[in-house]
Amino acid sequence: DTGAEALLEIRDLSVVFDGFRALDGVNLTLARGELRFLIGPNGAGKTTLIDVITGLTRPAGGSVRFGGKDLVGRKEHEIVRLGVGRTFQTSVVFEELTVVENLDLAASFRRPLWALAGRRRGVSEAVRAALATTGLEELAERPARVLSHGQRQWLEIGMLIAQRPSLLLLDEPVAGMSQDERARTGELLTEIAEDHTVIVVEHDMDFLRRYASQVTVLHEGRVLTEGSVDDVSADPRVQEVYLGR
Ligand code: ADP
């Protein structure tokens, strides 16, 4: 443990659905600024873990400390306000709004109403930063509906960043992407991790080998192993879990 450096500290977490243990004594510590990949076969408990962190699912036991505060029992919007952002499989993009309007809307959820006056003078710093990071500047004034699948995924990530979270939880960000889009997303994640702490749920092993440093493997509701992507992918238990699927 890195003690004071830890942004997220999950201890002995368990989740029970109708007597079924979806998570069973999970421990996970993330240092500030870390980019952590979370992998594991279907049903391993990855989504459940993200759901607990973001207040969607209440655990049967254990604790989730974020920036020194316990998140268990807090409402979803309160957890967002504390600085935890996540993407969902379903799109949150408004098709008829432009890229910059989508970003601005996302950013405004963490701004008081009086700040609306300032918006008329131009794009806020948070929106400008999100545009630059996602590389969507040239599409800023285009409606979201003209974006490619990859561009849309980057816009969703941009909308998250515009809300200025310190912890980002991304669910399979490269799903359905072309090779070029995957590479661009890998660079984007690396860039985002420079000033955020990030957890990425991802299955694509090639992608992991290129962009992951630290990996946590979940299996049947437990942490099977944790470490560098090389160590983890060479681990016979990990290979067995994936081949035995
Ligand atoms: P993953 O995201 O790794 O595929 P999940 O976290 O979605 O895994 O699911 C873990 C286990 O918990 C699975 O066996 C799943 O069927 C079960 N599960 C998830 N959500 C619920 C729920 N709301 N009610 C009952 N069982 C659930």
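**Exercise 1.** Which residue in β2 does Phe 17 stand opposite?

*Solution.* The structure is a predicted model, in which local features need pLDDT of at least 70, side-chain atom pairs count only at pLDDT 80 or more, and totals for chains, interfaces and linings use all residues. Residues are numbered from 1 along each chain as its sequence is written.

Step 1. Identify the strands: helices (H or I, at least four residues) and strands (E, at least two) are DSSP runs, numbered from the N terminus. Strand β1 covers residues 6–17, and β2 covers 20–31.

Step 2. Establish the pairing, which requires that DSSP finds at least two bridges between two strands. Nine bridges join β1 to β2, and the two run antiparallel.

Step 3. Locate the partner: Phe 17 stands opposite Phe 20 in β2.

Step 4. Inspect the turn. The hairpin of β1 and β2 has two residues between the strands, and Asp 18 there has a positive phi of about 45°.

**Exercise 2.** Determine which element supplies the largest share of the shell around the ligand.

*Solution.* Step 1. List the shell, where a residue counts if its C-beta atom, placed from the backbone, lies within 6 Å of the ligand. Phe 17, Phe 20 and Lys 46 are among the residues around the ligand.

Step 2. Assign elements: β2 and α1 (46–53) each supply at least two residues.

Step 3. Compare: α1 gives the largest share, three residues.

**Exercise 3.** Identify the other strand, β4, as a partner of β1.

*Solution.* Step 1. Five bridges join β1 to β4 (residues 61–66), and these strands run antiparallel.

Step 2. Within this pair, Leu 8 stands opposite Phe 66 in β4.

Key: Near = placed C-beta within 6 Å.
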